[in-house]
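Here's a quick briefing to read with the model open in your viewer. Take a look at the fold before going through the notes.

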Amino acid sequence: RPFTPRDQAPAYSRRYEYQRRLNTWLVRAGWSHDEYLERVASGCAICKRAFDGSRKVNFDHDHDSGIVRGLLCTRCNTGLGWLETDGRAATMYLGV
């Protein structure tokens, strides 16, 4: 395998990769960096818990259209994913 800058400076590469992925999501969402920070400060869009050091920020998006709906904590993002995958069965179970 050829030598890459990642071999030389893994911490820098991880930071760069994080920034690249964040910028990709911001473009997809149509948000400025300030708008993103405001949304992070307001917490998870579902449970409203703060994004502190223990909560990862997830960009919730429609997998068909790619449209970003908001920021979710991992717990809410996972739950929503399960409901989207098998929501009909869950609503039948709940009698909704």
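How much area does the chain expose, and what share of it do carbon and sulfur atoms supply? The exposed area comes to about 7,500 Å², with 55% of it supplied by carbon and sulfur atoms. Keep in mind that this is a predicted model, so everything below is computed from it.

**Overall layout**

- You'll find 4 helices and 2 strands in the chain, and walking along the sequence gives the pattern α-α-α-β-β-α.
- Of the 96 residues in the chain, 24% are buried.
- Take the contacts with a separation of 6 or more: 33% of them join residues 24 or more positions apart.

**Aromatic residues**

- Searching the whole structure turns up 3 aromatic pairs.
- One of them is Tyr36 with Phe59, which counts as stacked because the ring centres are 5.8 Å apart and the planes sit at 5°.
- Tyr36 belongs to helix α3 (residues 33–41) and Phe59 to strand β1 (residues 58–61), so this pair ties together parts that are 23 residues apart in sequence.
- Tyr36 and Phe59 are both buried.
- Zoom out a little and these two rings turn out to be members of one aromatic cluster, made up of Trp25, Trp31, Tyr36 and Phe59.
- Trp25 also has a charged partner: Arg28 lies over the face of its ring, at 4.4 Å from the ring centre.

**The largest pocket**

- The largest pocket holds about 390 Å³ of space.
- Its lining is made of Tyr18, Arg21, Leu22, Trp25, Tyr36, Lys56, Val57, Asn58, Phe59, His61 and Asn77.
- Three names from the aromatic cluster, Trp25, Tyr36 and Phe59, show up again among those lining residues.
- Which helix gives the largest share of the lining? That's α2, with 4 residues.
- Helix α2 spans 10–29, and both α2 and β1 supply at least two residues of the lining.

**A backbone oddity at Lys48**

- Lys48 isn't a glycine, yet its phi is positive, at about 70°.
- Where to look: Lys48 is in the loop between α3 and β1.
- Is Lys48 buried or exposed? Its relative accessibility is 57%, so Lys48 counts as exposed, the cut-off for that being over 50%.

Key: Residues are numbered from 1 along each chain as its sequence is written. This is a predicted model: local features need pLDDT of at least 70, side-chain atom pairs count only at pLDDT 80 or more; totals for chains, interfaces and linings use all residues. Side-chain values use heavy atoms; hydrogens and water are left out. Buried means under 20% relative accessible area, exposed over 50%, partly exposed in between (1.4 Å probe, protein chains only). Contact means heavy atoms within 4.5 Å. Accessible areas come from the Shrake-Rupley method with a 1.4 Å probe; for residues, only the protein chains shown count as cover. Rings of Phe, Tyr and Trp (its six-membered ring) pair if their centres lie within 6.5 Å; planes under 30 degrees apart count as stacked, over 60 as edge-to-face and the rest as tilted. A charge sits over a ring if NZ of Lys or CZ of Arg is within 6 Å of the ring centre and within 35 degrees of the ring normal. On a 1 Å grid over the protein atoms alone, a cavity is a set of points where a 1.4 Å probe fits but cannot get out, and a pocket is an open set with protein on both sides within 12 Å along at least five of seven lines; lining residues have an atom within 4 Å of a point. Grid points are joined across faces, edges and corners, and a volume is the space filled by probe spheres set on the points.
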